[in-house]
Amino acid sequence: MSAAAPLAVAPELSAGALRAAVAERGFARVPGAAVAALLGPGGAEAALDAFAASWDRLEVDGFMADGGRYRRRRHANFSARRGVPGHERGPHRPHFQAVVHNSLNGGVERWFAPVEDTVGEGATLRALLDLGRGLADGLAPGGDWFVEAHQFRIEAAVGAPGLPTPEGVHHDGVDLVLIAMVSRRNLDGGETVVADAAGAELARFTLRDRLDAALLDDRRVRHGVSPVRPADTALPSCRDVLVLTWKRGLPPPA
Ligand SMILES: [Fe+2]
């Protein structure tokens, strides 16, 4: 009798292949194991555990125009200058989206708690920033970038579903978006939808495992996430994700 088949190993994926996929289709979905393999020390188990644990220390988003209290978050901004590797963290500043990109919560400066220094300087976030920058440079070579990092936790309870994107399927108003799953606990729903600029659906999938990622050319495609609800109604549930965005140009005036 033959031995059991070995567990499937995630296909190796080079940053170049990822860049080609985004250039061709406008988006890519990447398994978490493949993302981790691209992160070097930042993708090591202990680094990822510490990174994920920081989601337990997010603060309530007080800017939900629908009155919702189901979203916790932290925020940071960085700049990446042409020809200079890496990302420099900027002074803490509000997050701003035009109403055209966020009809629910756009049009106002929203202040969120800052990403903790240990997370902002940590190997995992820095490696994810470098990964995304390579893709952003592929879309628009030779430029400067204004980069924002968002840690989100959406909580759901019986009769109170969580809405990861209450504004619906949308553009972020940037060039590149990287969405990485951190943790799903006791959760149903939360499907990621990718649509073209006219709204026609291109793909629908669930980011489930740690670091399962969606990479989006935000000028070409829209994205959204369906509501989440607890799988076991007796237990707490949450959806933790990291969202990184690159917008061409240096930071707008504070
Ligand atoms: Fe978004």
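How many of the ten residues of strand E3 are buried? In this predicted model, strand E3 (residues 71–80) is mostly covered, with eight of its ten residues buried. The pairings of this strand make a convenient place to begin. Strand E3 and strand E7 (residues 145–156) run antiparallel and are joined by ten bridges. Along this pairing, Arg 72 has Arg 153 in E7 as its bridge partner. Strand E2 (residues 59–60) also runs antiparallel to E3, and two bridges join them. Here Glu 59 stands opposite Arg 73 of E3. Strand E4 (residues 88–89) is likewise joined to E3 by two bridges in an antiparallel arrangement, and the bridge partner of Ser 79 in E4 is Glu 88.

Attention turns next to strand E15 (residues 237–248), where Thr 245 is found. Is Thr 245 buried or exposed? Thr 245 counts as buried, because 24 C-beta neighbours lie inside 10 Å and the cut-off for a buried residue is 20 or more. When neighbours within four places in sequence are left aside, Thr 245 is in contact with Val 147, Glu 148, Asp 172, Val 174, Leu 176 and Val 177. For one of these contacts, Val 177, the C-alpha atom is 4.6 Å from that of Thr 245, although the two residues are 68 apart in sequence.

The nonpolar interior can be described next. The largest nonpolar core has 54 residues. Within this core, the residues with the most contacts are Val 35, Leu 178, Ala 180, Ala 213 and Leu 215. Strand E8 (residues 176–185) contributes the largest share, seven residues. Ala 213 gives a view of the surroundings: not counting residues up to four places away in sequence, Ala 213 touches Val 30, Val 35, Leu 178, Ile 179 and Ala 180.

Two loop residues deserve a look for their backbone angles. Most residues other than glycine have a negative phi. Leu 211 is not a glycine, yet has a positive phi of about 75°. Leu 211 lies in the loop between E11 and strand E12 (213–217) and is buried, because 25 other C-beta atoms lie within 10 Å. Asn 186, which is not a glycine either, has a positive phi of about 50°. This residue lies in the loop between E8 and strand E9 (187–189). Asn 186 is partly exposed, with 17 other C-beta atoms within 10 Å.

Which order do the strands of the open three-stranded sheet follow? The order is E11-E10-E13, and the pairing is antiparallel. Strand E11 (201–205) and strand E13 (221–225) form the edges, each pairing on one side only. On average, neighbouring strands of this sheet are turned by 15° against each other, direction ignored. Four bridges support the antiparallel pairing of strand E10 (residues 192–196) with E11, and Thr 192 stands opposite Phe 205 of E11.

Strand E10 also holds Asp 196. With 13 other C-beta atoms within 10 Å, Asp 196 is partly exposed. Apart from its neighbours within four places in sequence, Asp 196 is in contact with Leu 202 and Val 221. The C-alpha atoms of Asp 196 and His 223 are separated by 8.7 Å, and these residues are 27 apart along the chain.

A helix pair completes the description. Two packed helices are described by the angle between their axes and the distance between the axes. For helix H3 (residues 45–53) and helix H5 (residues 123–139), the axes come within 8 Å and cross at roughly 95°. The crossing angle therefore makes H3 roughly perpendicular to H5, a class that covers 65 to 115 degrees. On the H3 side the contact is made by Ala 47, Leu 48 and Phe 51, and on the H5 side by Ala 123, Thr 124 and Leu 125. By class, this contact has five nonpolar residues, one polar residue and no charged residues.

Definitions and conventions
Residues numbered from 1 in each chain as written. Predicted model: local features only at pLDDT ≥ 70, side-chain atom pairs only at ≥ 80, totals over all residues. Axes fitted to C-alpha atoms, helices over the stretch in contact; angles between N-to-C directions. Parallel < 35°, antiparallel > 145°, perpendicular 65-115°, else oblique. Contact = placed C-beta atoms within 7 Å. Nonpolar A, V, L, I, M, F, W, Y, C, P; charged D, E, K, R; others polar. Pairing = 2+ DSSP bridges. Buried ≥ 20, exposed ≤ 12 C-beta atoms within 10 Å, placed from the backbone. Core = buried A, V, L, I, M, F, W, Y, C linked by C-beta atoms within 7 Å.
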